[in-house]
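Please open the model in your viewer and keep the selection tool at hand, since each stop on this tour begins with something to select.

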Amino acid sequence: MAVSETLQFDHIVIGSGLAGLCSALHLAESGRSVAVLTKREIFECNSRLAQGGVACVIDRLDSFDEHVKDTLTAGAGLCDKGAVRAIVEEGPARIKELIELGAKFTTKGDLGSKTDADSFDLGREGGHHKRRILHAGDITGAELERVMIEAVRAKPNITVFEFNVAVDLITTARLDVGGPNRCLGAYVLDVKSGAIRTFLSYSTTIACGGAGKVYLYTSNPDVACGSGVAMAYRAGAKIANMEFIQFHPTILYHPTIRSFLISEALRGEGAVLKCRESRTAEPVEFMQKYHPMKSLAPRDVVARAIDSEMKRTGEECVYLDIRHLDEAALRLRFPNIFEKCLEAGINMAKDLIPVVPAAHFSCGGIKTDVNGVSSIMGLYAVGECGCTGLHGANRLASNSLLEALVVSKFSADDINSKFELFKKSRPPVAAALNWMTGNATDSDEQILIAHNWDEIRRFMWDYVGIYRTNKRLERAKNRIKLIRKEIEKYYWDFNVTADLVELRNIATVAELIIDCALSRHESRGLHYNADYPYLDPDLECVDTVIQRNL
Ligand SMILES: Cc1cc2nc3c(=O)[nH]c(=O)nc-3n(C[C@H](O)[C@H](O)[C@H](O)COP(=O)(O)OP(=O)(O)OC[C@H]3O[C@@H](n4cnc5c(N)ncnc54)[C@H](O)[C@@H]3O)c2cc1C
């Protein structure tokens, strides 16, 4: 039967990572009401886990041109040059604002330097030709979330709804009221009561983050199910470049500690990748065979090289060697990673760190311009779930926090400038808005959710992972078609739960990744298909765009 409450806000923001909280804060500057919806507790997100930092031109020996050039090189011919420049050039202003809000980035003085103690300690990561990564020790994301949560909590016109899962967007197309497709808000599951409420708004900003959970092995936390992309796709928005999944080369390989990332910043400080030729042999360096920048080559090159060495030698992992630094230096620069490794029985100053690649970042997403404007009126996408063209076919390390900061500001400015138009042109709210549960009952088949979830994640890893072929992609397509059919039936027969919403979303996103991968007839950036060669990245290429027929 029809449900429950309808809540009205001027703006809703779905997600409480860096992109969502920054959006909410900028939108709230107008004095209008903002609702932030988030799946679990406010701090549960990818942003909080970021270790390396934020790429930004700070040093006088660096320049916007060089940061742009490194981004375009990593992006392998698919970046939107205008978006890259706009985001890179806005970086310093956004960093200044974070510092004013209280963010503490590590300075050279913090690391013991007496000269130049007030300057920021800038890290270096793969693909960057300059040191330009601002960091807060090795817990940069946690520091930025801390500051943003404090700032958001201090705003009386922002209401945060924790344990509220957005299920689907409400659009004029869905309600069949005619005119161009326009977003009116979202249906939201209140996890604690089980009720689905209607949130109405004049603008809706999706900031749902990445989709790492689509893969068996990932650095992402449980909330990263690609919900934003799945909801936007169902609503009829354009989705682009989903084939470009970044696999982080170095996740700790350990039987019980899962998904712990060993930051690229270690390689920036001279750590070297090594592999064993056999169980008993001493590990040796191998990256010189794959790229002139060796262990600091771009991530896709490193991840593929590791995958290839592991397959060649039959070993279960490779190793990072940072033993040239002593314990004191390591504890100072990487306190969090040092402690976590100790917990795993590894002293980084004396032992090699066993690592494997895992799904890490989604370069594609809801297609937007640099202001986060999607193809549906009133709908914006910011952060990892969006596709502005900054990353192209491969993300340059530490550019994603920068994108989250900048695009959330640009999108809030865009929404503020169009607010009166959005308000005036919204069609009248009808009773048809209410969520209908029809004949749905409570499910007694939780096993179906668990089974399908595992199956999707496993075949995505095996068939649509670092190494792809047409045959593997076709196999994955056949599997996902069947599973999605099963899920859709289940979805309409039973009452909606958070687990079911997530399963439905990872299945949708998996299919979008497969479809995009199948339609790209070349290898480029992160998308390696052994049936097609890598072409000259300067040759003309286009985004892969998918849009559902409504
Ligand atoms: C381990 C790790 C280390 C990283 N290190 C770096 C780094 O050093 N530098 C860098 O630039 N990038 C790094 N990244 C990538 C970067 O952290 C992310 O790209 C960025 O934080 C994404 O921010 P976001 O706000 O878009 O998404 P997130 O921070 O993931 O936030 C998404 C939010 O959406 C919520 N959500 C999702 N679905 C729903 C739904 N249906 N309803 C309600 N809420 C929902 C989630 O609960 C969460 O609050 C790292 C990522 C990981 C996983």
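Begin by selecting residues 227-235, which make up helix 6 in this predicted model; because 8 of its 9 residues are buried, helix 6 is largely enclosed by the rest of the structure. The buried positions to highlight are S227, G228, V229, A230, M231, A232, Y233 and A235. Step just past the end of helix 6 to G236, where the backbone adopts a positive phi of about 100°.

Next, move along the chain to strand 12, residues 239-240, and show its partner, strand 21, with which strand 12 pairs in the antiparallel sense over 2 bridges. Within this pairing, select A240 together with V545 of strand 21, which stands opposite. Widening the view, you will find an open sheet of 4 strands with mixed pairing, arranged in the order 20-18-12-21. Its edges are strand 20 (386-387) and strand 21 (545-546), each of which pairs on one side only.

Finally, turn to the ligand and select its surroundings, a shell of 42 residues in which the closest are G15, G17, G52, G209 and G383. The elements that contribute two or more residues to this shell are helix 1 (18-28), helix 4 (140-153), strand 8 (164-171) and helix 11 (399-425). Which element gives the largest share of the shell around the ligand? That element is helix 11, with 4 residues. If you then colour the shell by residue class, you will find 17 nonpolar, 21 polar and 4 charged residues around the ligand.

Methods:
Residues numbered from 1 in each chain as written. Predicted model: local features only at pLDDT ≥ 70, side-chain atom pairs only at ≥ 80, totals over all residues. Near = placed C-beta within 6 Å. Nonpolar A, V, L, I, M, F, W, Y, C, P; charged D, E, K, R; others polar. Pairing = 2+ DSSP bridges. Buried ≥ 20, exposed ≤ 12 C-beta atoms within 10 Å, placed from the backbone.
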